[in-house]
Amino acid sequence: MHQAPSSSLQFAPALPYFAAAGFRAIAIDYPGFGMSDPPASVPTVGDYAQAVLALADALGIERFAALGHH
């Protein structure tokens, strides 16, 4: 999960290393950042957490580890 303001592109150099270690790594753009659609209102931290959970649900991911920084 990227810092604000930024996008998932900051994780692009690391993704091959996760894959080589056997992990399925997914870098997302929070609502309003990167290539995501703009939100209807200013998102809260809770909204960002909901976006992560919604993505996991949409991809059928039941368990995951999260990585982020700020």
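This passage describes the fold, the aromatic residues and the nonpolar groupings of a predicted model.

The protein chain contains two helices and zero strands. Its C-alpha atoms fill a box of roughly 40 × 25 × 20 Å along the principal axes. Of the 70 residues in the protein chain, 16% are buried. The accessible surface amounts to about 5300 Å², and carbon and sulfur atoms account for 62% of that surface. When contacts in the protein chain between residues at least 6 apart in sequence are considered, 51% of them join residues at least 24 apart.

In soluble globular proteins, nonpolar side chains tend to be buried together. In the present model, the largest nonpolar core has five residues, namely Ile28, Tyr30, Phe33, Tyr48 and Val52. The aromatic members Tyr30, Phe33 and Tyr48 also form one aromatic cluster. With neighbours within four places in sequence left aside, Phe33 is in contact with Tyr48 and, from the beginning of the numbering, with His2, Ala4, Pro5 and Ser6. Tyr48 is thus linked to Phe33 by membership of the core, by the aromatic cluster and by direct contact. Tyr48 and Val52 fall within the residue range of helix α2, 45-58.

A pair of aromatic rings is described by the distance of the centres and the angle of the planes. The model has three aromatic pairs. One of these is formed by Phe18 and Phe23, whose rings are edge-to-face, with 6.5 Å from centre to centre and 85° between the planes. Phe18 belongs to helix α1, which spans residues 15-20. The relative accessible area of Phe18 is 31%, so this residue is classed as partly exposed. Phe23 is classed as exposed because its relative accessible area is 54%, against a cut-off of over 50%. Together with Leu67, Phe18 and Phe23 form a nonpolar patch on the surface. The accessible area of Phe18, Phe23 and Leu67 together is about 310 Å². Phe18 and Phe23 are therefore paired with each other and share a surface patch, with Phe18 partly exposed and Phe23 exposed.

Met35 is located in the loop between α1 and α2. The relative accessibility of Met35 is 80%, and Met35 therefore counts as exposed. Met35 and Gly68 are 33 residues apart along the chain, and their C-alpha atoms are separated by 18 Å.

Conventions:
Residues numbered from 1 in each chain as written. Heavy atoms only, no water. Phe/Tyr/Trp six-rings, centres within 6.5 Å; stacked < 30°, edge-to-face > 60°. Buried < 20%, exposed > 50% of the residue type's maximum accessible area, 1.4 Å probe, protein only. Core = buried A, V, L, I, M, F, W, Y, C linked by side-chain atoms within 4.5 Å. Contact = heavy atoms within 4.5 Å. Patch = residues over 30% accessible without salt bridge, like charges linked within 9 Å, V, L, I, M, F, W, Y side chains within 5 Å. Areas by Shrake-Rupley, 256 points an atom, 1.4 Å probe, with all protein chains shown as cover. Salt bridge = Lys/Arg side-chain N within 4 Å of Asp/Glu carboxyl O. Helix = DSSP H or I, 4+ residues; strand = E, 2+ residues; numbered from the N terminus.
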